[in-house]
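Trainee: I am new to this structure and would like a close look at one part of it. Please start from a single loop residue and work outwards from there.

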Amino acid sequence: MIVRELELDLDAFEGPFDLLLALVLKEELELRDVDLAGIVTAFLERLAEREELDLEACGEFLVLIAALLELKARALFPDEEAELAELDPEEAAEELARRLAEYRRAKEAATWLRERLAVEGDRFFRLGPAPLAPKVETPLAPQDPEGLAKVLRLLAQDPPAVSLSHMALRFPPVSHFLDRFRALLRRRTKFDFESEVAEMTRLEQASAFLALLELRRAGELSIEQAAPFAPIRVSRLTKENTVEQERTAAWTARSA
Amino acid sequence: MDSTLRLIPADPLDRLARTLEALLVVASTPLSLEDLAAAADDDPERVEDALQLVADRFAEERSGIVLEQVAGGWAFRAAREEAAACARLFERPAQRNLSQAALETLAIVAYLGPCSRPDIARIRGVAADSAVANLLERGLIAEAGRDTAAGGAIRYRTTPLFERVFGLESLSELPRLDDVGADAAEIRDRLHAVAERRSA
């Protein structure tokens with residue numbers, strides 16, 4: 001098992017472990033946003049999947065995760081040394097004096113607390129968790145039985161039927177177009193589908209197209225289109241192309 | 001017949017005082033004036049007067065129980081005279097053996113709180129982890145949200161138990177530490193003297 005290839009799926013990062021390391025070292029990924037516990041869990045899960053304990057992988061992982069933890073922990077503390085190093089001696093002395101004075105105040109306060117404890121040490125009192133406040137009951141206002149019945153009756157009524165009229169899509173019947181195309185092909189041997197349906201609505205065009213496919217399946221006509229989006233040419237089936245048509249139909253049936 | 005047997009006069013304020021006594025003896029934490037007024041279902045001003053009655057009745061050298069104003073409320077405690085007897089029966093883990101480090105940390109949290117471990121470490125110059133854990137366990141400090149700065153370290157504040165253990169009515173009873181600031185000039189002078197000696 002190779003630790004560097006450990007796949008991670010964290011909030012802040014998704015990918016292999018070595019990429020995470022590279023991003024962190026290049027400071028392109030904020031380590032404080034990375035859930036290190038998540039990495040440990042992912043590693044342990046991978047480890048559990050294997051029967052054998054891979055000591056080498058464990059060791060490598062420990063070193064890497066420890067380094068990450070140290071980096072993350074350090075980021076939590078302001079860089080005091082760098083802060084002080086940037087100051088000239090005068091300012092550094094000022095800063096140190098300020099901090100020492102601050103610490104001295106804390107020490108003074110601690111002394112006060114210690115003395116206070118010595119004086120107040122003989123106060124004994126009851127200790128315990130704060131008790132729970134009783135639950136507040138919210139009584140209902142008194143109601144007239146007739147009034148309640150009236151409201152209940154309103155609830156018992158059937159709600160008005162919801163109108164679906166606005167949702168209806170009225171499809172023109174396909175049969176209408178079947179008849180129409182058959183009549184057309186009795187008069188002419190060929191026609192152009194687009195020009196035939198140009199005046200229709202989109203829904204009618206869709207139905208007309210379904211009718212066309214229906215007739216094609218029944219072997220009453222053949223359809224040609226030179227290229228996608230090119231005009232669709234419809235022609236009546238003659239004797240010789242009927243044979244062709246049947247062969248194709250048989251092939252289609254087989255492949256289906 | 002009933003009236004001749006009555007030991008306590010039927011003063012309405014006295015009636016309220018008895019209610020307050022009952023509430024205070026049941027409570028395990030100090031009760032604020034608002035808590036008492038709400039539970040007694042009475043006017044806060046009258047409750048304050050009645051509390052004075054109770055305080056007179058339960059005072060040092062008069063009773064084994066003493067009423068005190070502490071941690072933002074009122075509470076009964078044992079009289080100081082009885083401390084020895086109480087100590088034979090009860091331990092007090094909150095204040096036993098508080099180390100210097102714990103006291104300094106407690107002082108910083110009390111004065112500057114809510115503040116985080118890095119804040120404390122900055123002032124004390126050493127890591128505050130064990131002192132903070134110790135104070136948390138004793139219940140003298142508690143978590144109070146997170147730092148808004150980088151890392152979002154947990155911040156701490158003192159608890160009502162802290163005020164109670166140290167007998168403080170509130171944190172504002174802590175003494176002002178401004179006068180200690182005079183030493184800052186002295187420290188600075190000493191540092192300058194050291195710096196000059198080194199450069200010389």
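Mentor: Glu61(B) counts as exposed, with 8 C-beta neighbours inside 10 Å. Here a residue is exposed if 12 or fewer other C-beta atoms lie within 10 Å of its own, buried if there are 20 or more, and partly exposed in between, with C-beta atoms placed from the backbone. This is a predicted model, in which local features need pLDDT of at least 70 and side-chain atom pairs count only at pLDDT 80 or more, while totals for chains, interfaces and linings use all residues. Residues are numbered from 1 along each chain as its sequence is written, and chains are lettered from A and ligands numbered from 1 in the order in which they are written.

Glu61(B) sits in the loop between α4 and β1 of chain B. Helices (H or I, at least four residues) and strands (E, at least two) are DSSP runs, numbered from the N terminus. The phi of Glu61(B) is positive, near 70°, in a residue other than glycine.

From this loop the chain enters strand β1(B), residues 65-70. Strand β2(B), residues 73-78, runs antiparallel to β1(B), and six bridges join the two. Two strands pair if DSSP finds at least two bridges between them. Val66(B) has Arg77(B) as its bridge partner, and Leu67(B) stands opposite Phe76(B). The hairpin has two residues between its strands, and Ala71(B) takes a positive phi there, near 50°.

On the other side of the Glu61(B) loop is α4(B), a helix of residues 44-57 that packs against α3(B), residues 33-40. The angle between α3(B) and α4(B) is about 105°, and their axes are 9 Å apart. Axes are lines fitted to C-alpha atoms, for helices over the stretch in contact, and angles run from 0 to 180 degrees between N-to-C directions. The helices α3(B) and α4(B) are therefore roughly perpendicular; angles of 65 to 115 degrees get that name, those under 35 are roughly parallel, those over 145 roughly antiparallel, and the rest oblique.

On α3(B) the contact is made by Leu33(B), Glu34(B), Leu36(B), Ala37(B) and Ala40(B), and on α4(B) by Pro44(B), Val47(B) and Glu48(B). Two residues are in contact if their C-beta atoms, placed from the backbone, lie within 7 Å. By class, this contact holds six nonpolar, no polar and two charged residues. Ala, Val, Leu, Ile, Met, Phe, Trp, Tyr, Cys and Pro count as nonpolar, Asp, Glu, Lys and Arg as charged, and the others, Gly among them, as polar.

The loop between α3 and α4 of chain B holds Asp41(B). Phi of Asp41(B) is positive, near 55°, in a residue other than glycine. Asp41(B) is exposed, having 8 other C-beta atoms within 10 Å.

Further along chain B is helix α8(B), residues 129-138, whose buried residues are Ala131(B), Val132(B), Leu135(B) and Arg138(B). Seen down the axis of α8(B), these residues fall within an arc of 130°, so they line one face of the helix. The arc is that of the directions from the helix axis to the C-beta atoms. Asp129(B), Ser130(B), Ala133(B) and Glu137(B) are exposed on the face of α8(B) turned away from the buried side. The buried residues of α8(B) pack against α6 (100-112), α7 (117-124), β4 (141-146) and β5 (154-158) of chain B. Gly139(B) follows α8(B) and has a positive phi, near 80°.

Taken whole, chain B has 10 helices and five strands. Of its 200 residues, 28% are buried. Of the contacts in chain B between residues at least 6 apart in sequence, 51% join residues at least 24 apart.

Chain B also meets chain A: 38 residues of chain A are in contact with 38 residues of chain B. Helices α3 (55-76) and α5 (89-120) of chain A each supply at least two residues of the side that touches chain B. The largest share of that side, 23 residues, comes from α5(A). By class, the side of chain A that touches chain B has 22 nonpolar, two polar and 14 charged residues.
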